[in-house]
Amino acid sequence: SNNCCSSNLREEQRSRSGLRERFLRSLIAMAGKPVDFTMYERVSVTAVFAASDIDILNFQVSHLQTPLGVQKEALLRCPDIIAYAFDL
Amino acid sequence: IQPPAERPGERRLVEMKRLYGDDATKIQGMETAMQLLFDRKCDGKQPKYW
């Protein structure tokens, strides 16, 4: 019935906003912390996370430790990242 | 010259409402704050792609 569908929709929206809020809060919690990034071609790098744009396309980082030295400020393309980890 | 047919951001607001229902404004507020922070830091530091 119509009632059931609109309550399903509300439930779905609540779950979605809950997940989105937790994800956004995890990004806020990551600001200023050293993060290990696993990239393609077996590259792993460490950098201090600063901020992300809202489409989660770019991570802005500082003190990026690359195999060829440290880059003071850099942007990482999120599609290049397989996984990232940080300590709370 | 005609005025714009739709207000900027209106379509986005409709989409946000469809996705997040009553929480749409809260989520949109968090996202806007995050984007502003990103823009402000990028303006200051001018980071390059690695």
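Let's start with Ser17(A) and what it touches. Leave aside its neighbours within four places in sequence. Ser17(A) is then in contact with Tyr20(B), Asp23(B) and Ile27(B). Keep in mind that this is a predicted model. Where does Ser17(A) sit? It is found in helix H1 of chain A, residues 2–30. Buried or exposed? Its relative accessibility is 2%, and buried means under 20%, so Ser17(A) counts as buried.

Now follow two of those partners into chain B. Tyr20(B) belongs to helix H1(B), and Ile27(B) to helix H2(B). H1(B) covers residues 10–20. H2(B) covers residues 24–45. How do these two helices meet? Their axes come within 8 Å and cross at roughly 120 degrees. That makes H1(B) oblique to H2(B). The crossing is right-handed.

Which residues make the contact? From H1(B) we have Arg12(B), Leu13(B), Met16(B), Lys17(B) and Tyr20(B). From H2(B) come Ala24(B), Ile27(B), Gln28(B) and Glu31(B). By type, that is five nonpolar, one polar and three charged.

On to the sheet. It is open and has six strands. What is their order? Read it as S5(A)-S1(A)-S2(A)-S3(A)-S4(A)-S1(B), with mixed pairing. So both chains supply strands. Which strands stand at the edges? They are S5 of chain A, residues 81–85, and S1 of chain B, residues 48–49. Each has a single partner strand, so one side of each is left without a neighbour in the sheet.

Helix H2(B) comes back here. H2(B) packs on the sheet and touches S2, S3 and S4 of chain A. Its direction makes about 115 degrees with that of S2(A).

Look inside the sheet next. S1(A), residues 34–39, runs antiparallel to S2(A), residues 44–52. How many bridges join them? Five. Thr38(A) has Ser44(A) as its bridge partner. Phe37(A) has Val45(A). One general point about side chains: in a regular strand they alternate between the two faces of the sheet.

The hairpin of S1(A) and S2(A) has four residues between the strands. There, Glu41(A) takes a positive phi near 60 degrees.

Now the other side of S2(A). Five bridges join S2(A) to S3(A), and these strands run antiparallel. Val48(A) has its bridge partner, Ser62(A), in S3(A). This hairpin has five residues between the strands. Which of its residues takes a positive phi? Ile56(A) does, near 50 degrees.

Notes:
Residues numbered from 1 in each chain as written. Chains lettered and ligands numbered in written order. Predicted model: local features only at pLDDT ≥ 70, side-chain atom pairs only at ≥ 80, totals over all residues. Heavy atoms only, no water. Pairing = 2+ DSSP bridges. Contact = heavy atoms within 4.5 Å. Axes fitted to C-alpha atoms, helices over the stretch in contact; angles between N-to-C directions. Buried < 20%, exposed > 50% of the residue type's maximum accessible area, 1.4 Å probe, protein only. Parallel < 35°, antiparallel > 145°, perpendicular 65-115°, else oblique. Left-handed = near helix turned anticlockwise from the far one by under 90°. Nonpolar A, V, L, I, M, F, W, Y, C, P; charged D, E, K, R; others polar.
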